[in-house]
Amino acid sequence: MPITNIVEVSGVSKRFTVNRHKSIKERLVNSASERLHREDFWALRDINLNIAAGSTVGLVGHNGSGKSTLLKAIGGIIEPSEGSVRRRGRMAALLELGAGFHPDLTGRENVYLNAAILGLTQKEIDRYFDAIVDFSGIEAFIDTQVKFYSSGMYVRLAFAVAVHVDPDLLLVDEVLAVGDRPFQDKCMAKIAEFQEEGRTIVVVSHSAGQIEALCHRVVVLNHGEMKFDGGVGEGLRVLQELYDDEGRLAALAAGVAPPRAKVTAVIVDNGTERSTGDLKSGEPFSIDFEYAIDRPGDAMIAALSVESLEGTQVYGLTTKMMGETIPVDPGHHALQFAFPAADLGAGHYVARGSLHELDGTLVHGRYPVTDFRVISALPGNGYVRLEPSVKFDSRRRA
Amino acid sequence: METATELAVVKQRRLDTIAAEPFVDVSKSQGFFRDTVNSVRDLVAHRELLGRLVRREIKARYKDSKLGIVWSLFRPLISLLIYYFAIGKVMGAARSVPDFAIFVFVGLTIWLLYSEILSGAVRSIVENSGLVKKVYLPREIFPLSAIGSALVNFGIQVVVLLIGIAVLSTYRWSPELLLAPLAVVVLLVFATAVALIISAWNVYLRDIQHFVEIYLLIFFWVSPIVYPFTYVHRVLQGNWLEQIYLANPVSLAIIATQKALWSAGTTSSGSLMQVWPPDLELRLVIALGASVVLLFVAQRVFARLQGNFAQEL
């Protein structure tokens, strides 16, 4: 099947002119120095990007890398200085939740207004209205003015409207992390449903976890230039290198020495395939911990943490707890933490490795973290492996 | 719950629909006339939203007030009373102007429509910056919604005016009554053109909104609202200055509405006799033509300027 593009960005550059003078008086008084005060700033430089229909693309980069500008150019909200953006299908841009909400109007009135802003017709809104209110979970307050809403209620209603617009192309800018945990799950489930329905999603996010969970493809931007376009794992690694470089530069500029040691890899090993295979609950496994020492110094502690995707620590272990000392002479070193049985429940986990000073100060933490899955033939869910059985005793009730 | 195969069908159908759709270039203008056609088509597609924005504006303005929209009547009625007593009775204008109250109210109604459109539109884009920066919409919709809410107030005032005329004066049933709707159309087209330009300029130069206030203050007294055109004619005697005076579409619209609705101005004789500009109908039609051209140009200017709205706000 040929790939159908839904967005074609070719040769797009965007120049912002930073102009300090805003009023007539200032412009007249400073007209001579106007040219001098003008500063050009390239937010995007020669971006070429085709987005296939039905795919989910993550735009990542540090603050000011141009990712939001690119998203706005795709959305037609800003006009590029050079190049062209071509697009088809129905688009909805979620650049800010509740952008069109008016505080003095009720929830109901704002649902209608916001849905109309996002492109729904009266008939469509009437049809979706109950579903929207239901999704937001604030039926009781729908006829209250939104200025009395809590911020949580506000974003829930706004998100509910946004996901009920029927877009072919959804542009999302950092708005997925709203509401409480159950509501976030609901949002992620809705996004997954969108993907299955063949909708295209372009998402800007700082959360590597979100990008990993959602995207098929990652585009890394740095100072307006495209640094990488491809698979998610590789993309996040490139991003991490950029962050590291920035950190090193900043450290050099500030006169702070870069960390003397670095965790270079954390690999979960199920005994057959390194890092790719799933762990079977109850089977032996090991975690390889590799690190590099830059300069000689005091003794250090290697720490390992197994966490759920939500960030809850399931298991933690340090070499100090085990009474071990690790080598700290310059060069590359590897540790292996071996476990006779993976007594973890089925699920998706991350393993995080870090090096600490003896007093607990962090020297370096590995990022991105390593994720792995545990599969289990046993019933039950949760973080631990328990072997359940059940007995029936009907006489007791009589 | 949809099954996996149904989902796959939904997905394939969506992909096929997208593959069949032509690409639209969203990054730049595509030529003079095609662009205007596209803009208008875009606006027509968003007409429902326009209605909602107008309603939002009005609802939000009178939310939590007990009298609500009745307030929109107080201001014109109070100004009417002030002008009636201060200029009509104290300064004596009512002695040479028959039915002075009706006369002032006719002019005031038209003027208030114009001034409300301009003062609402000039801030419309800046005030909606949240939407302009975050959602794609045809941006013309913001000045247009300011015009819409001005029209609602205008409608209420017209009802009061028409009742007032029926009670205090009479209607002259002649074809000249048609001058009133024509005048409103001229005024609307002209005001829309001005509204588009000033709302866009104000994004780049916030001085525009202060300038508009001053302009409205001056032109209230320049227009024949609290004094009749007869006074102007008496001083200028039809010279070139009077021609310039009549070239202002707003003054022309006010004079035409007065001629249509202020029957005492046509029927009075002797010292109360009023002078009307010659060829008023023709002037009005020319003003309409000029305003349409201006509106077209204004839309082009607006389209050119709107590309950088999101970054200027």
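# Why do we call it that?

Biologist: How many bridges join β6(A) to β7(A), and what makes these two strands a pair?

Modeller: DSSP links β6(A) to β7(A) through 5 bridges, and the two run parallel. Two strands pair if DSSP finds at least two bridges between them, so β6(A) and β7(A) qualify with their 5. One residue to look for is A:Asp173, which stands opposite A:Val204 in β7(A). Keep in mind that this is a predicted model, in which local features need pLDDT of at least 70, side-chain atom pairs count only at pLDDT 80 or more, and totals for chains, interfaces and linings use all residues. Residues are numbered from 1 along each chain as its sequence is written, while chains are lettered from A and ligands numbered from 1 in the order in which they are written.

Biologist: What makes β6(A) a strand, and which strand does β5(A) join through 4 bridges?

Modeller: Strands are DSSP runs of E with at least two residues, and helices are runs of H or I with at least four, both numbered from the N terminus. β6(A) spans residues 169-173, and 4 bridges tie β5(A) to this strand in parallel. Across that pair, A:Ala93 faces A:Leu171 in β6(A).

Biologist: Why is β6(A) called mostly covered?

Modeller: A residue is buried if 20 or more other C-beta atoms lie within 10 Å of its own, exposed if 12 or fewer, and partly exposed in between, with C-beta atoms placed from the backbone. For β6(A), 5 of its 5 residues are buried. In a regular strand the side chains alternate between the two faces of the sheet. Here A:Leu169, A:Leu171 and A:Asp173 point one way, A:Leu170 and A:Val172 point the other way, and all are buried.

Biologist: What is the strand order of the sheet of 6 strands, and how do you know which strands form its edges?

Modeller: The order in this open sheet of chain A is β5-β6-β7-β3-β8-β9, with mixed pairing. The edges are β5 (91-94) and β9 (225-230) of chain A, because each pairs on one side only. Neighbouring strands are turned by 15° against each other on average, direction ignored. Helix α3 (67-74) of chain A lies across β3, β6, β7 and β8 of chain A, running at about 150° to β7(A). That angle is taken between N-to-C directions, from 0 to 180 degrees, of lines fitted to C-alpha atoms, for helices over the stretch in contact.

Biologist: Why is α4(A) described as largely enclosed?

Modeller: Helix α4(A), residues 107-117, has 10 of its 11 residues buried, so the rest of the structure largely encloses it. Among the buried ones are A:Tyr112, A:Leu113 and A:Ile117. The buried residues pack against α5 and α6 of chain A, together with α3 and α6 of chain B. Contact here means that two C-beta atoms, placed from the backbone, lie within 7 Å.

Biologist: How many residues does each chain give to the contact between A and B?

Modeller: Chain A gives 42 residues and chain B gives 36. On the side of chain B, α1(B) supplies the largest share, 7 residues. By class, this side has 17 nonpolar residues (Ala, Val, Leu, Ile, Met, Phe, Trp, Tyr, Cys and Pro), 14 charged (Asp, Glu, Lys and Arg) and 5 polar (the others, Gly among them). Strands meet across the chains too: β4(A), residues 82-87, pairs with β1(B) in the antiparallel sense over 2 bridges. In that pairing, A:Arg87 has B:Val24 as its bridge partner.

Biologist: What is unusual about phi in A:His223, and is this residue exposed or partly exposed?

Modeller: Most residues other than glycine have a negative phi. A:His223 has a positive one, near 50°. This residue sits in the loop between β8 and β9 of chain A, and its 15 C-beta neighbours inside 10 Å make it partly exposed. B:Gln237 also has a positive phi, about 55°, but this residue is exposed, with 9 other C-beta atoms within 10 Å.

Biologist: Which element of chain A has the lowest mean pLDDT, and which the highest?

Modeller: pLDDT is the predictor's confidence in each residue, from 0 to 100. Helix α2(A), residues 34-37, has the lowest mean at 58, and β8(A) the highest at 90. Where pLDDT is low, the predicted coordinates should not be read in detail. Chain A as a whole has a mean of 82, with 89% of its residues reaching 70 or more.
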